[in-house]
Amino acid sequence: MKAKKALLIVDLQNDFCPGGALAVPEGDKIVPIINKYIKIFTKNKWPIFASRDWHPRKTKHFKEFGGSWPVHCVQNTFGAAFHPKLKLTKDTILLYKGMDPKKDSYSAFAAEDLSKRPLPKILKRLGIKELYIGGLATDYCVKSTTLDALKARFKVKLLLDAIKGVNLKPDDSKKAIQQMLKKGAKKITLKTLGREKCL
Ligand SMILES: [Zn+2]
């Protein structure tokens, strides 16, 4: 039987965690929780995706070339590596985004795997209808990924206990969550997922 749900872990990379170039406050706190989701998805044989911001050294995304952000997640650097405590399985499908030096690209929906297959195509081939989305950061890449997924008519469960925001303005994350829910995402936590599985 084809899989119907998949876990999508957004940008859980060193540069987005405390000590990184573009640290999300407490970004590392969600790692053990994401690991629990990974266990559940692995047990149920539901596919797992992990996206990575993967920038060239020169891109319009960075401040010094006209963009909004400090240098972060440069390809093949420590900052672009996944958080060392993230326990990805060997079957996890790795996705890369942000390679185009002319674009910002926040959404993991615009990401592709190593063979350059775009995520929506992979999801279609696997028969996935519902995405469980968590990771960093709530108010940027998680938001943009979720909104794109909803636009593409996927069901989305937002992992409320496994996201953290940048909060350039204090309520940015709160607003981002409200926006995602308004557009049709449903919230879920480990606790409620446990209950859902008993059904
Ligand atoms: Zn970036």
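How many cavities of 30 Å³ or more does the count come to? In this predicted model, the count comes to 1 cavity. The legends below describe close-up views of this cavity and of other sites.

**Figure 1. The largest cavity and its lining.** The volume of the largest cavity is about 120 Å³. Its lining consists of F16, L22, D53, H61, W69, H72, Y106, L136, A137, Y140, C141 and V166. Sorted by class, 9 of the lining residues are nonpolar, 2 are polar and 1 is charged. Rolling a probe the size of a water molecule over the atoms shows where empty space is left.

**Figure 2. Coordination of the zinc ion.** Four side chains are shown with their donor atoms: D53 coordinates the zinc ion through OD, and H55, H61 and H72 each do so through NE2. The coordination distances run from 2.1 to 2.2 Å. Is the site tetrahedral or irregular? The angles among the 4 donor atoms range from 89 to 167 degrees, and the site is irregular. A tetrahedral assignment is excluded because it requires all angles to lie between 85 and 135 degrees, whereas the range here extends to 167 degrees. Along the sequence, the donor residues follow the spacing D-x1-H-x5-H-x10-H. Two of the donors are shown with their accessibility: H55 is buried, at a relative accessible area of 0%, and H61 is likewise buried, at 1%. The donors D53, H61 and H72 also appear among the residues that line the largest cavity.

**Figure 3. The two faces of helix α2.** Helix α2 spans residues 119–126, and L119, I122 and L123 are buried within it. These three residues lie on the same side of α2, because the arc they cover around the axis is only 100 degrees. An α-helix has 3.6 residues a turn, so residues three or four places apart point the same way. On the face turned away from the buried side, α2 carries K121 and K124, which are exposed.

**Figure 4. The largest pocket.** A volume of about 160 Å³ is found for the largest pocket. The residues that line the pocket are Y96, K97, G98, M99, D100, K103, S105, A110 and E112. By class, the lining of this pocket comprises 3 nonpolar, 2 polar and 4 charged residues.

**Figure 5. Backbone geometry at L136, A137, K45 and N76.** The peptide bond that leads from L136 to A137 is cis, and its omega is near -15 degrees. A137 belongs to the loop between β4 (130–136) and α3, and both L136 and A137 are lining residues of the largest cavity. Most residues other than glycine have a negative phi, and most peptide bonds are trans. K45, which is not a glycine, has a positive phi of about 60 degrees. The loop between α1 (31–43) and β2 contains K45, which is exposed at 71% relative accessibility. N76 is not a glycine either, and has a positive phi of about 65 degrees. This residue is placed in the loop between β2 and β3, and N76 counts as exposed at 69% relative accessibility.

**Figure 6. A149 and R57 in their surroundings.** Is A149 buried or exposed? Located in helix α3 (residues 138–151), A149 has 0% relative accessibility and is therefore buried. Its C-alpha atom is separated by 30 Å from that of F65, and the two residues are 84 apart along the chain. R57 sits in the loop between β2 (48–53) and β3 (93–97) and is partly exposed, with 43% relative accessibility. From C-alpha to C-alpha, R57 and L181 are 35 Å apart in space, with their positions 124 residues apart in sequence.

Note on methods. Residues are numbered from 1 along each chain as its sequence is written. This is a predicted model: local features need pLDDT of at least 70, side-chain atom pairs count only at pLDDT 80 or more; totals for chains, interfaces and linings use all residues. Side-chain values use heavy atoms; hydrogens and water are left out. On a 1 Å grid over the protein atoms alone, a cavity is a set of points where a 1.4 Å probe fits but cannot get out, and a pocket is an open set with protein on both sides within 12 Å along at least five of seven lines; lining residues have an atom within 4 Å of a point. Grid points are joined across faces, edges and corners, and a volume is the space filled by probe spheres set on the points. Ala, Val, Leu, Ile, Met, Phe, Trp, Tyr, Cys and Pro count as nonpolar, Asp, Glu, Lys and Arg as charged, and the others, Gly among them, as polar. Donors are N, O and S atoms within 2.8 Å of the metal (3.2 Å for Na, K and Ca); water is not among the atoms, so sites may look incomplete. Four donors count as tetrahedral if all angles lie between 85 and 135 degrees; four count as square planar and six as octahedral if opposite donors are over 155 degrees apart and all others between 65 and 115; anything else is irregular. Buried means under 20% relative accessible area, exposed over 50%, partly exposed in between (1.4 Å probe, protein chains only). Helices (H or I, at least four residues) and strands (E, at least two) are DSSP runs, numbered from the N terminus. The arc is that of the directions from the helix axis to the C-beta atoms.
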